[in-house]
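Let's take a walk through this model, starting from the inside and working outward to the cysteines and the chain ends. Keep the structure open as you read.

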Amino acid sequence: MASSTKRPRPDASDRDPLAAAADTASADTAAAGTAPVADAAADTVADAAGPTVPAPASEPAAASATPATPAVPHVRVAVIGSGFGGIGAGVRLRRAGITDFVILERADSVGGTWRDNSYPGCACDVPSHLYSFSFAPNPDWPRSFSGQPDIRAYLEKVTDVFGIRPHLRFNAEVTEARWEADRTRWRITTTAGQWTADAVVSAAGPLADPQIPDLPGLDSFTGKVFHSSRWDHEFDLAGKRVAMVGTGASAAQIIPNIQPKVGRLTVFQRTPAWVLPRRDRVISEAEKWLHSRVPVTAKLRRGALFALRELQVDAFVRRPGLLKLVQQLAERHIAQSVTDPALRARLTPDYRIGCKRILLSNTYYPALAAANTEVVSAGLREVRGSTLVAADGSEHEVDAIVFGTGFHVTDMPIGARVFGANGTSLAEEWKDGMEALRGSTVHGFPNLFFVIGPNTGLGNNSMILMIESQLNYLVDALTTLGSVGATAMQPTVRAQRHWNLELQHRMDRTVWTTGGCRSWYLDSSGKNTVLWPGSTTSFRRATRKVDLAEYELIMRTAPATRGAATPEEALA
C-alpha cells in the first residue's frame, strides 16, 4: 500500500502527465481500492501504480534430502504476454493492491504486436489519443495516427512509470499451463522455468502468431521468405523482384513503402479491400503544449474521438444499409486514385463495405498503379524454384516473398498449451469454435481470464477500450473471490452457453455476416468468433461486475501451506 506521507511534487506545469498520473494514483491506492474505471467517454487519470516490489517469494519447500533444490515460485496471478493487455493487467492489479504477480513474456522486451510488427510504414489505424490507456494520457503523440516506434515507446514508458518492470520475466515462453485440481492452482511451465499461480491471465493476444499458408514448393524457394510481423531488416529489397502475398491492413502499409525501392513488385490479391482516405497529420507543438498544460483538453479530444466511433456502431451491427454513403466515399477514393479502368475494376470489391476490415491509406492505390507494380487477381497456388504460380495459372519470377497473410486468430496457439480441470486442452474445447463468458472466462478452466478473448474484437474503435473493460472484470473477479472466501471460479455451462447463443443471434444482423464476404473474422465453419456485435459502452456495462449467479465457486483443497512444491515437483 502507498505510504500516508506524501512526497513534495514539482509544479504541475513542469511534470510529465503520464508520470503525474502514476504519482497521483500511487498516493491514492489505498483509497482507490477496486473502483471501476469510468466509462470510456469520460475516462479519468486515476489508476494507481502501487509500490515497487521484489520478485515473488518461492513456495516453502517440504523437508528433503536435497534442501538446495529450489522450490517452484508461487504467485497469486501469472500474466501471459506484455503487450497492451499484459501491461494494462499489471497496472490494474497493482491498483487493486495485488502485487504478487508475474508477467511472462516470450521475447526480450515488452510491446506485443507493436514490438513484433516493425515492417516499413507500420502504424495504427486508430487515432493516437484514443489508442492509449485512459490512466496514462500521452500529450506528446507526434501524429494523429502514430507509427509503430512511437506506440512501442509509449508502452515502454508506461511499464517504467507504473512500476511494472520488476514483475516482468523475459524469454519465458509459456509451453504449458495446467490446472491442478487437487491444489486448486495453475502450474505454468515456461522456457525459463516453472511457476504456480492461483490465477492465470492470458494476454497473449490474437495478433501474436503469424500464419503462413502451406504452399507446395515453398520450402524449396531459392530466395528470401518472411512474414510481415517478422520483418527481415537485414535483407535489402532495393532493386529486387518482390512478391507481396495478401492485401490486408499490413500489406496496405508495406506496399507504398517498398514500391519505390524494389525493381518489380508483384501483389497477389485474392480479395480486394475497401480503402478510405487516411486523415493523418502532424500534431502541432501548440497542441502538445495545450494537452500537457491543460490535461482536460486531451480528455475532451479523446471523448470526441470515442463518441464519433460509437455513433458508427449501429451501421455495422444492426443497419448495414447505412454504410452505403461510406461505400460511396470509398468508390470516389479509388476513382480519383486509379485512372486505369481495368486495374480499378480489379481493385473494386464486390461485397458491402465493412464486411472485411476497412483500410485507411492515401498511398496504397498510387503504389498499386505504379509502373513497376503488377496486381495478380488471384491467390498464390504453388512455388517452383524462384517461380510463383498463381491460382489463375500465371507465373512470376521473384527474388523475395513477403507474406501479409495475417495471424492465427480463430485458432489461437495458446489454446493448445492450456489444460483445464479434466485435462482437456483449450484447443480441444474450442474445436467447434471459440467461446467464453463475456469474452473473459471458460467453463472447465477455473481462474483463467482472457484479455482480448473470444468475440471482443472491434471493427471501428480502439481495442484499448475493450482491454480496460476486461481488466475491470478481472480485478472484480479476484476481489470477489477473496470477499466470499472462495479460491477459484469458473462459468457455469448454462451461463456460457446462454451468453454465446445471444451473441451469435445478434451477429446474424451484422455487416460481417450479411456483407457477402469471407474474412479472417470467421472460423472454418463460418462462425464469427472474433468480433463484438455491439458498442464498447455496452461491453463495458457487461463486464463492469462479476455476476456470481453465472459462476461455480471452488474452495481450496490443498494444505494450508498453499500447496508448497516439493523438490521432486520442482524437477518435474
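**Inside the fold**

Start at Ile255: skipping its neighbours within four places in sequence, Ile255 makes contact with Met244, Leu265, Val267, Tyr364, Ala367 and Leu368. Bear in mind that this is a predicted model.

Now zoom out from that one side chain. Ile255 belongs to the largest nonpolar core, which has 112 residues, and together with Phe84, Phe133 and Val158 it touches the most other members. If you want to know which element puts the most into this core, look at helix 14 (residues 463–484), which supplies twelve residues. There's also a second core, separate from that one, with 26 residues; Ala78, Leu104, Ala177 and Met434 are among them. As a backdrop, nonpolar side chains in soluble globular proteins tend to be buried together.

Next, the cysteines. How many disulfides does the structure hold? Just one, and it links Cys355 with Cys517, at an S to S distance of 2.0 Å. The torsion about that S-S bond is about -95 degrees, so the disulfide is left-handed. Where do its two ends sit? Cys355 is in the loop between helix 11 (341–347) and strand 11 (359–360), while Cys517 is in the loop between helix 16 (511–514) and helix 17 (536–542), so the bond ties together parts lying 162 residues apart in sequence. Cys355 is buried, because its relative accessibility is 0%. Cys517 has a relative accessible area of 18%, and since the cut-off for buried is under 20%, Cys517 counts as buried too.

Compare that with Cys122, which is in no disulfide: its nearest cysteine sulfur belongs to Cys124 and is 8.8 Å away. Why doesn't Cys124 bond with Cys122? Cys122 holds the closest cysteine sulfur to that of Cys124, but at 8.8 Å it is too far for a bond. Cys122 is buried, with 7% relative accessibility, and Cys124 is buried as well, at 4%.

Finally, how far does the predictor's confidence go? The chain has an average pLDDT of 88, and 85% of the residues score at least 70. Residues 1–14 are one place to be wary of: pLDDT stays under 50 there, and the model gives this stretch 13 contacts beyond four places in sequence. Another is residues 558–572, where pLDDT is below 50 and the model has 41 contacts beyond near neighbours in sequence.

Conventions: Residues numbered from 1 in each chain as written. Predicted model: local features only at pLDDT ≥ 70, side-chain atom pairs only at ≥ 80, totals over all residues. Heavy atoms only, no water. pLDDT = per-residue confidence, 0-100. Contact = heavy atoms within 4.5 Å. Disulfide = S-S within 2.5 Å. Helix = DSSP H or I, 4+ residues; strand = E, 2+ residues; numbered from the N terminus. Buried < 20%, exposed > 50% of the residue type's maximum accessible area, 1.4 Å probe, protein only. Core = buried A, V, L, I, M, F, W, Y, C linked by side-chain atoms within 4.5 Å.
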